[in-house]
Amino acid sequence: MSSVQAINLVVAGHVDHGKSTIIGRLLAETQSLPIDKIKRIQETCDQSGRPFEYSFIIDAFKDEQKKGITIDTARVFFKTIKRPYIIIDAPGHTEFLKNMISGASRAHGGLIVLDAQQGIKENTRRHGYMLSFLGIKQVAVLVNKMDLVEYSQVKFENIIEEFSSFLFKHGITPKLFLPLSGLNGDNFTLKSKNMSWHNGPTLVECLDSFEILIKSSQSPFRMPVQDIYDFGQKIVAGPIETGKIDERDTVVFYPSFKKSKLKAVYQGGAAGLVLQEPLFIERGELATIEKEEAPQIKSNLDVVLFWLSERPMKINTNYIFKMGTAKRNVKLVEVKSLMDSSELKELSKSDEIRINQVAKGSIQLESPLPIDSRGFASCTSRFVIVDDYNIVGGGLVIESKI
Amino acid sequence: MKHLDELESKSIFIIREAYACIKPLGMLWSIGKDSTVLLWLVRKAFFGHVPIPLIHIDTSFKIPEMIAYRDRLAQEWGFELIVGQNKRALSEKQTFPHGNLNRVKCCQTLKTESLKETLAGDDGRPAFGGVILGIRADEEGSRSKERYFSPRNEKNKWDIYNQPPEFWNQFKTEFPPHSHVRIHPLLDWSEINVWEYIAQEKIPTVSLYYDQGDGQRYRSLGCHPCTMQIKSKSKTPEDIVDELREGPLARVAERAGRAQDMDDGGGLEALRQKGYM
């Protein structure tokens with residue numbers, strides 16, 4: 001049985017810098033595709049009079065192939081000798097940022113692709129920043145299309161210098177920069193003869209160097225309550241997001257502060273707690289352990305948030321706030337600072353947050369929720385904002401300055 | 001954490017979110033290996049119970065063993081089973097096997113139309129707000145781009161070029177009236193993972209997946225006129241895992257034996273946009 005965990009890696013970067021081509025080429029170079037796949041794509045291309053592109057392996061939607069762009073993230077299954085992978089291909093257009101985020105949020109690590117000739121562009125920076133926002137700490141940079149700059153070491157090193165300093169400012173230290181040619185397959189599985197000056201790993205070795213950072217079981221126990229089932233006995237059901245629990249523990253639920261000893265604990269994928277006390281607990285509460293660090297119970301939150309909707313977020317307007325399994329009405333109280341997610345320069349003060357902007361500010365929940373501003377569990381620190389049935393923004397609760 | 005444990009936890013989390021947020025909720029059970037793994041996960045999520053009805057879309061062209069296995073499991077595990085069927089098309093012989101429709105049109109008529117009707121409810125039953133399905137991202141292109149919670153409008157259409165964001169375990173669970181949501185807890189599972197899990201958990205599966213002695217078996221199950229057997233001597237889930245990992249099937253697409261995919265330009269985008277599973 002497979003004991004090796006698959007790692008999820010997102011491939012991000014600016015439009016047309018070659019993300020889908022790199023993934024398609026990688027699958028072809030490593031013999032990961034069904035035998036007739038390339039032939040079938042070739043046939044479809046011939047029928048429609050288009051030249052063959054490796055990106056068509058990933059860009060499965062008919063409109064994506066017609067327009068030659070990636071619209072939505074794809075999951076691509078792939079394996080090396082070391083382990084299986086789920087590669088997430090993210091779209092590079094700004095208008096599809098919400099799709100990039102949906103894919104990247106599932107990743108353990110990120111690969112930022114950039115075009116050696118064009119250098120750093122709007123979404124190279126934006127995606128770099130979003131990876132950091134999403135909490136992705138392991139990042140490698142793939143400098144693609146080296147064939148277009150005559151495999152120049154100088155070009156490559158200039159890009160390293162410029163982009164490293166940008167990433168460093170946002171708390172990302174890339175594990176490596178790798179020169180590639182998606183078109184010719186340089187440095188995919190074998191070291192490229194065209195770039196003998198490069199002593200680093202191949203793309204496959206680069207992928208194998210990513211690690212799955214293990215969630216610490218040292219963190220306090222946090223279980224957002226999904227539901228209460230009553231099939232003969234009442235079971236408080238939810239995922240164990242961090243920490244550990246056993247039957248000797250006493251649990252405290254927040255924000256209700258209700259407390260109970262345990263009768264039984266179901267561990268594993270289908271986790272659940274059977275309480276000794278006949279408490280009335282509802283979906284949206286957080287189960288914690290009495291003897292461990294307690295969360296703060298707050299309704300005024302300092303946050304950083306990004307906005308994904310054409311309709312700006314306005315102050316003193318009602319939205320829905322979702323964190324863990326909890327749901328509250330919320331209002332934006334104040335925008336303290338504002339920036340565009342690509343340029344990352346401070347914008348002038350405003351009472352609204354527009355699409356693709358990132359703001360620091362304060363929000364007011366209609367009633368309090370448990371918060372861990374240390375951010376070890378997403379159910380007590382990461383939230384989304386819903387407006388008119390849709391998720392339109394996301395954010396992190398940060399330490400408030402008193 | 002072991003990979004299968006991780007997949008199991010994530011799927012159970014999604015199933016429980018759907019049960020808590022979407023009402024009324026059903027689950028599509030095709031009798032195949034994937035949706036049977038899904039059924040197993042539902043029973044785990046709810047501590048041995050199946051608190052939602054299962055829906056089987058019966059085209060009448062399913063292989064007879066599938067129907068026998070369906071009825072046996074329904075009795076053993078005690079769940080509510082709703083069988084949907086496009087009786088009008090069948091009585092008018094508007095099907096591919098009758099020679100009156102092409103394969104894609106037939107799928108649309110016998111599966112999509114019947115699914116839409118069943119989801120829309122009838123005299124005694126309100127429309128479903130959501131339905132859980134066992135599709136996987138590695139099956140074909142349009143499924144590789146699916147969401148865990150994937151909305152369909154009042155006409156069952158999938159707006160593939162404008163899918164909702166989902167991150168940090170937050171999904172689209174708010175909907176305007178008359179729309180519904182398809183929930184996909186198995187998106188991150190590969191075909192091998194499914195067989196590894198069937199072997200690990202000893203999940204009962206229909207005998208058609210195994211070689212009965214003539215060196216043939218089904219890799220993917222559908223209607224008999226459009227589903228072909230493959231050459232294989234695998235007799236157990238463990239054999240199938242080995243065969244998929246290192247054997248001759250390692251580089252042959254799972255749905256290579258499903259003829260409707262070829263007729264839709266090598267994928268299911270056109271069918272799925274109109275409401276196919």
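Two strands are taken to pair where DSSP finds at least two bridges between them. On this basis, in the predicted model examined here, strands E14, E19, E17, E16, E20 and E21 of chain A close, in that order, into a barrel of 6 strands with antiparallel pairing. Within the barrel, neighbouring strands are turned against each other by 40° on average, direction ignored.

Several of the strand pairs in the barrel can be described at the level of individual residues. Strand E14 (residues 296-307) of chain A runs antiparallel to strand E19 (residues 357-371) of chain A, the two being joined by 10 bridges, and Asp302(A) stands opposite Ser362(A) of E19(A). E14(A) is also joined, again in the antiparallel sense, to strand E21 (residues 390-398) of chain A, here through 6 bridges; in this pair Val304(A) has Leu396(A) of E21(A) as its bridge partner. Strand E16 (residues 318-323) of chain A and E17(A) are likewise antiparallel and are connected by 6 bridges, with Met323(A) placed opposite Ala326(A) of E17(A).

Chain A also contains an open sheet of 6 strands, arranged in the order E2-E3-E1-E4-E5-E6 and mixed in its pairing. Strand E2 (74-79) and strand E6 (176-179) of chain A occupy the edges, where each has a single partner strand, so that one side of each is left without a neighbour in the sheet. The average turn between neighbouring strands of the open sheet is 25°, direction ignored. Among its pairs, strand E1 (residues 7-13) and strand E3 (residues 84-89) of chain A are parallel and share 5 bridges, one of which has Val10(A) and Ile88(A) as partners.

Helix H5 (residues 122-133) of chain A is described in relation to strands of both assemblies. H5(A) lies across E1, strand E4 (109-115) and strand E5 (138-144) of chain A, and runs at about 170° to E4(A). H5(A) further lies across E14, E17, E19, strand E20 (382-387) and E21 of chain A, with an angle of about 165° to E14(A).

The interface between the two chains involves 62 residues of chain B in contact with 67 residues of chain A. Together the chains bury about 5600 Å², of which 57% lies on carbon and sulfur atoms. Lys145(B), Trp168(B) and Arg251(B) contribute 17% of the area that chain B buries against chain A, more than any other three residues.

Polar interactions across the interface comprise 26 residue pairs in polar contact, both residues of each pair being at pLDDT 80 or more. On the side of chain B that touches chain A, at least two residues each are supplied by helix H1 (3-21), helix H2 (33-45), helix H6 (141-144), helix H7 (191-201) and helix H10 (269-273) of chain B. H1(B) provides the largest share of that side, namely 12 residues. By residue class, the side of chain B that touches chain A divides into 30 nonpolar, 12 polar and 20 charged residues.

Over all chains, 42 salt bridges are found in the whole structure, and the count between chain B and chain A is 6. Side chains of opposite charge can pair when their charged atoms come close. The side chains of Asp188(B) and Arg75(A) form a salt bridge with an N to O distance of 2.6 Å. This pair crosses between chains, linking Asp188(B), in the loop between strand E6 (180-183) and H7 of chain B, with Arg75(A) in strand E2 of chain A.

Some backbone features of the loops remain to be noted. Most residues other than glycine have a negative phi, and most peptide bonds are trans. A cis peptide bond nevertheless joins Tyr254(A) to Pro255(A), with omega about 10°, and Pro255(A) is located in the loop between strand E10 (250-254) and strand E11 (259-266) of chain A. In chain B, the peptide bond from Lys23(B) to Pro24(B) is also cis, with omega near -15°, and Pro24(B) falls in the loop between H1 and strand E1 (25-28) of chain B. A positive phi, near 50°, is found at Gln31(A), a residue of the loop between helix H1 (19-29) and helix H2 (37-48) of chain A. Leu344(A) has a positive phi near 60° and lies in the loop between strand E17 (326-340) and strand E18 (352-353) of chain A.

Definitions and conventions: Residues are numbered from 1 along each chain as its sequence is written. Chains are lettered from A and ligands numbered from 1 in the order in which they are written. This is a predicted model: local features need pLDDT of at least 70, side-chain atom pairs count only at pLDDT 80 or more; totals for chains, interfaces and linings use all residues. Side-chain values use heavy atoms; hydrogens and water are left out. Contact means heavy atoms within 4.5 Å. Buried area is the accessible area (1.4 Å probe) that two parts lose on being put together, summed over both. A salt bridge is a side-chain nitrogen of Lys or Arg within 4 Å of a carboxyl oxygen of Asp or Glu. A polar contact is a pair of N or O atoms within 3.5 Å; within protein, one must be able to donate a hydrogen and the other to accept it, and residues adjacent in sequence count only if both atoms are side-chain atoms. Helices (H or I, at least four residues) and strands (E, at least two) are DSSP runs, numbered from the N terminus. Ala, Val, Leu, Ile, Met, Phe, Trp, Tyr, Cys and Pro count as nonpolar, Asp, Glu, Lys and Arg as charged, and the others, Gly among them, as polar. Axes are lines fitted to C-alpha atoms, for helices over the stretch in contact, and angles run from 0 to 180 degrees between N-to-C directions.
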